[in-house]
Amino acid sequence: AMILAWGSVPSVYIYSNVSKMVHIILFSLFVIMRFAHTITYACKLSTARSVVWFIGFLCTFGIAINGVVAAFRISPDLYWHVEAVIIATVILSLLMWMKVVLTNAGLGGAKNNAGTRSPED
């Protein structure tokens with residue numbers, strides 16, 4: 001999802017405020033679902049973990065669709081500059097990487113107790 005989010009930033013940014021808000025909302029929801037996935041994994045809540053994973057999966061499709069729709073609406077006279085969608089994508093990406101590091105450092109025991117892979121597989 002991070003690759004899709006970063007890949008769609010140029011087209012989403014150039015197109016409209018609606019695409020920008022959709023991008024920020026979907027990527028924010030995806031990040032929240034990844035945190036929830038880790039928490040449900042640690043608490044051994046398999047049904048809840050499946051639900052939050054599926055919501056995050058749907059967000060991935062939403063990000064891709066939003067990027068494609070925006071890409072087909074780009075006007076050649078528009079230009080590039082930094083705005084909220086890029087800043088939000090940077091911040092959310094950093095949060096995801098921090099979560100991965102903390103999860104791998106802190107859930108080692110939970111992973112071993114569960115007898116399975118960590119939630120970051």
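The largest nonpolar core of this predicted model is made up of nine residues: A5, L26, F27, F30, V31, C59, I63, L92 and M96. Three helices each give two or more residues to this core, namely α2 (17-42), α3 (46-71) and α4 (84-106). Of these contributors, α2 supplies the largest share, with four residues.

Two phenylalanines of the core, F27 and F30, deserve a closer look. Both belong to helix α2, where three residues, or about one turn of the helix, separate them. An α-helix has 3.6 residues a turn, so residues three or four places apart point the same way. F27 and F30 are both buried. Rings that pair in this model do so four times in total. One of these aromatic pairs joins F27 to F30 in a stacked arrangement, with 6.3 Å from centre to centre and 10° between the planes. A stacked pair is also formed by W53 and F57, here with 5.1 Å between the centres and 15° between the planes.

The setting of W53 and F57 can be described in similar terms. These two residues sit four places apart in helix α3, a separation of about one helical turn. W53 has a relative accessible area of 44% and is therefore partly exposed, given that the partly exposed class runs between 20% and 50%. F57 falls into the partly exposed class as well, because its relative accessibility is 34%. The pair belongs to a wider group, since W53, F54, F57 and F61 form one aromatic cluster.

Helix α3 itself can now be considered along its length. It contains 26 residues, and the distance from its first C-alpha to its last is 38 Å, close to the 38 Å expected at 1.5 Å a residue. The buried residues of α3 are V52, G56, C59, T60, G62, I63, N66, G67 and A70. Two of these, C59 and I63, also appear in the nonpolar core described above. I55 is another residue of helix α3, and with a relative accessibility of 31% it counts as partly exposed. Beyond its neighbours within four places in sequence, I55 is in contact with L29 and M33. The C-alpha atoms of I55 and L29 are 8.4 Å apart, although 26 residues separate the two along the chain.

Between α2 and α3 lies a loop that includes K44. This lysine has a positive phi of about 60°, even though it is not a glycine. Most residues other than glycine have a negative phi. K44 is also exposed, because its relative accessible area of 57% is over the 50% cut-off.

Two threonines offer a contrast to this exposed lysine. T40 is part of helix α2 and counts as buried because its relative accessibility is 9%, which is under the 20% limit. Setting aside residues up to four places away in sequence, T40 touches L45, A48, R49 and V52. Of these partners, V52 is itself among the buried residues of α3. T103 is found in helix α4, and its relative accessibility of 7% likewise places it in the buried class. The C-alpha atoms of T103 and F35 lie 9.5 Å apart, while the two residues are 68 residues apart along the chain.

Seen as a whole, the protein has five helices and zero strands. Its elements follow the order α-α-α-α-α from the N terminus on. Of its 121 residues, 36% count as buried. When contacts between residues at least 6 apart in sequence are considered, 76% of them join residues at least 24 apart. The protein exposes about 7,300 Å² in total, and carbon and sulfur atoms supply 72% of that area.

Terms used:
Residues are numbered from 1 along each chain as its sequence is written. This is a predicted model: local features need pLDDT of at least 70, side-chain atom pairs count only at pLDDT 80 or more; totals for chains, interfaces and linings use all residues. Side-chain values use heavy atoms; hydrogens and water are left out. A nonpolar core is a set of buried Ala, Val, Leu, Ile, Met, Phe, Trp, Tyr and Cys residues joined through side-chain atoms within 4.5 Å. Buried means under 20% relative accessible area, exposed over 50%, partly exposed in between (1.4 Å probe, protein chains only). Rings of Phe, Tyr and Trp (its six-membered ring) pair if their centres lie within 6.5 Å; planes under 30 degrees apart count as stacked, over 60 as edge-to-face and the rest as tilted. Contact means heavy atoms within 4.5 Å. Accessible areas come from the Shrake-Rupley method with a 1.4 Å probe; for residues, only the protein chains shown count as cover. The expected span of a helix is 1.5 Å times one less than its number of residues.
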